[in-house]
Amino acid sequence: MQQPCFLPMTKKEMQALGWQELDILLVTGDAYVDHPSFGAALLGRHLVNQGFRTGIIAQPNWKQPESVLTMGRPRLYAGVTAGAMDSMVANYTANKKLRRNDSYTPGNDYGYRPNRASLIYTNLLKAAFPKLPIVLGGIEASMRRLAHYDYWEDKIRRSLLLDAKADILVYGMAEQQVITIAQRLSDGTTGSVGATGRSPLPQLFANIPGTAVVSSQLPEKNSFLQLPAYEAILKDKSKLIDAMHLLEKEHAIPGGPCLVQAHANRFVILQPPSALLSTKKMDALYALPFSRQTHPSYAQPVPALEPVVNSIVTHRGCFGGCTFCALGAHQGKLIQSRSQNAIIAEAKKITTMKSFHGTFTDLGGPSANMYGIICTRPGGPCNRPSCLIPEICKHLSTDHKKQTALLKAVKNIPNVKHAFVASGIRYDLANEDPAYIAYLLKNKHISGTLKIAPEHTSPSVLKRMRKPPAPVCEKFIRHYRQAAKKNAQPGYITAYFIASFPGSTREDMQTVNRFAQKHNLRVEQMQDFIPLPMTLAGIMYATGLDPWTRQPLMVAKNQRERNVQRKVLLKKNRFSQAINRPNKKKS
């Protein structure tokens, strides 16, 4: 099927493509931006490439049910995502105050994405299209696929699948799941050899890796592991710790058992993670003809596009295993890298676009310097939650030759002035390859300031974060600035810190402040801790317990204590604004 310039958003656009109906309708809480960094666009083009006519309804008016009727009833199913962020994170600050902007909305306006968008959109679609299968996906669905602590309501909530009453939930990067679901619905088979004829949805959706379904019956005996039940967690929040440890151990890599969690007399059946995309398939996915523009119906720009319009995704996943991070939990811990040839081809295409003015703003992923790094363990990757903590695994390759070769190749493309690494790097990994640090500076792949994320300096807090000890960060800063001086570069560093992390005290934040001053780090890049659903750090906040020792933790829950911890770090704000700036007299 030929790819359109943009996926249709109206009946008129459908008809211009010669489509009388859609096979699949995608509903998203983000504006439609035809760029591979936006999930609905990526999945939509992937579905069209596989022969399924797919349209997008972006940010429907949830107060007007007819807003999802624009293109009629799809033939197979409707997919729902809250967007690139959990809708509660998108709508509220860490201190539960309503945000007055949304970078995924035209004009940076707010109020176009409802709270708990996945649930609201599913209800809209069920009312509009009775009996149409509804598929939940995106990061909101991924992180709420089981019983979880919800910070904004300060309570334990059921699996989103039960609350939204959708038919199936896909978690992680969903390219393989959405195609399997579409194919099964299209041919009416269960996926089993010899199966024919239309089957009930529970059978159609059975045993798809990277999905969750609700059933009134348990799977076959000995084919699953049981998580603490929702009701048990309501009575004892510490059961969340048991559930998370089991999830991290058994679902760290594809191929494990399915997990089951009881909710009253029903069961959420969680299949193991989807298999990794091969390099060939990942190359083909990102080679689809994205316009890298907002949909022409928008009168105002979508701010989230600006920083990524001329960036390139080189890989997925993160083997850091940080306890507070949703990205690793969503994308998985195993790295999936694209080939250098495919990335070069995409880069050359971008250089022909009007939006390109000689600079690639980023070549990276969750951490730029994980590109091309693989596990060399005989027998394949293990279920260790982090490949870097408490120390870097001996089976992890740590040279950066593939990334430096890629950066060099992109920089040598005609009309390319700069190829920056802006997505931040893992400094503990970079310490293992000093030549990499020198290469970035010598070849000017840093756009003014390098981003790193120490997050904290307290040994006990860093341990609970699964971050390296402070001396590891100091070693990197020392080497980086030595290399910067040698290459006549300023060596500016922006460091990200978190205040009010479970176990962090005011005294701990004072040590962070002293660390930032000692090393001349900019401290504007600081955030209050947000207990994200289904993260180990979120569970620490909910339970007030260390998840390994079960000992009580000091947790800053009231607004006054959270404000104090933040202000401890920001009280030297005039200093932080002045540092990392060149001396005007000398410049």
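# Helix packing, backbone geometry and cysteines

α19 crosses α21 in a right-handed manner. The model is predicted. Besides this helix pair, the briefing covers one cis peptide bond, at Ile 389 to Pro 390, two residues with positive phi, Asn 108 and Met 534, and the cysteines, for which a search of the whole structure finds 0 disulfides.

**Packing of α19 and α21**

- Two packed helices are described by the angle between their axes and by the distance between those axes.
- For helix α19 (residues 506-518) and helix α21 (residues 559-570), the angle is about 20 degrees and the axes are 8 Å apart.
- The two helices are therefore roughly parallel, because angles under 35 degrees count as such.
- On the α19 side, the contact is made by Arg 506, Met 509, Gln 510, Val 512 and Asn 513.
- Their partners in α21 are Arg 560, Glu 561, Val 564, Gln 565, Val 568 and Leu 569.
- By residue class, the contact of α19 with α21 comprises 5 nonpolar, 3 polar and 3 charged residues.

**Backbone geometry**

- The peptide bond that joins Ile 389 to Pro 390 is cis, and its omega is near 10 degrees.
- Pro 390 lies in the loop between β18 (362-364) and α14 (401-411).
- Asn 108 is not a glycine, yet has a positive phi of about 60 degrees.
- Asn 108 sits in the loop between α3 (87-91) and α4 (117-128), and with a relative accessibility of 30% it counts as partly exposed.
- Met 534, also not a glycine, has a positive phi of about 55 degrees.
- The loop that holds Met 534 runs between β22 (526-528) and α20 (536-543).
- Met 534 counts as buried because its relative accessibility is 10%, and buried means under 20%.

**Cysteines**

- The search for disulfides covered the whole structure and found 0.
- Cys 382 is in no disulfide: the nearest cysteine sulfur, that of Cys 393, is 5.9 Å away, whereas a disulfide requires the sulfur atoms to be within 2.5 Å.
- Cys 382 has a relative accessible area of 26%, so this residue is partly exposed.
- Cys 5 has a relative accessible area of 65% and is therefore exposed, as the cut-off for exposed is over 50%.

Definitions and conventions: Residues numbered from 1 in each chain as written. Predicted model: local features only at pLDDT ≥ 70, side-chain atom pairs only at ≥ 80, totals over all residues. Heavy atoms only, no water. Buried < 20%, exposed > 50% of the residue type's maximum accessible area, 1.4 Å probe, protein only. Helix = DSSP H or I, 4+ residues; strand = E, 2+ residues; numbered from the N terminus. Axes fitted to C-alpha atoms, helices over the stretch in contact; angles between N-to-C directions. Parallel < 35°, antiparallel > 145°, perpendicular 65-115°, else oblique. Left-handed = near helix turned anticlockwise from the far one by under 90°. Contact = heavy atoms within 4.5 Å. Nonpolar A, V, L, I, M, F, W, Y, C, P; charged D, E, K, R; others polar.
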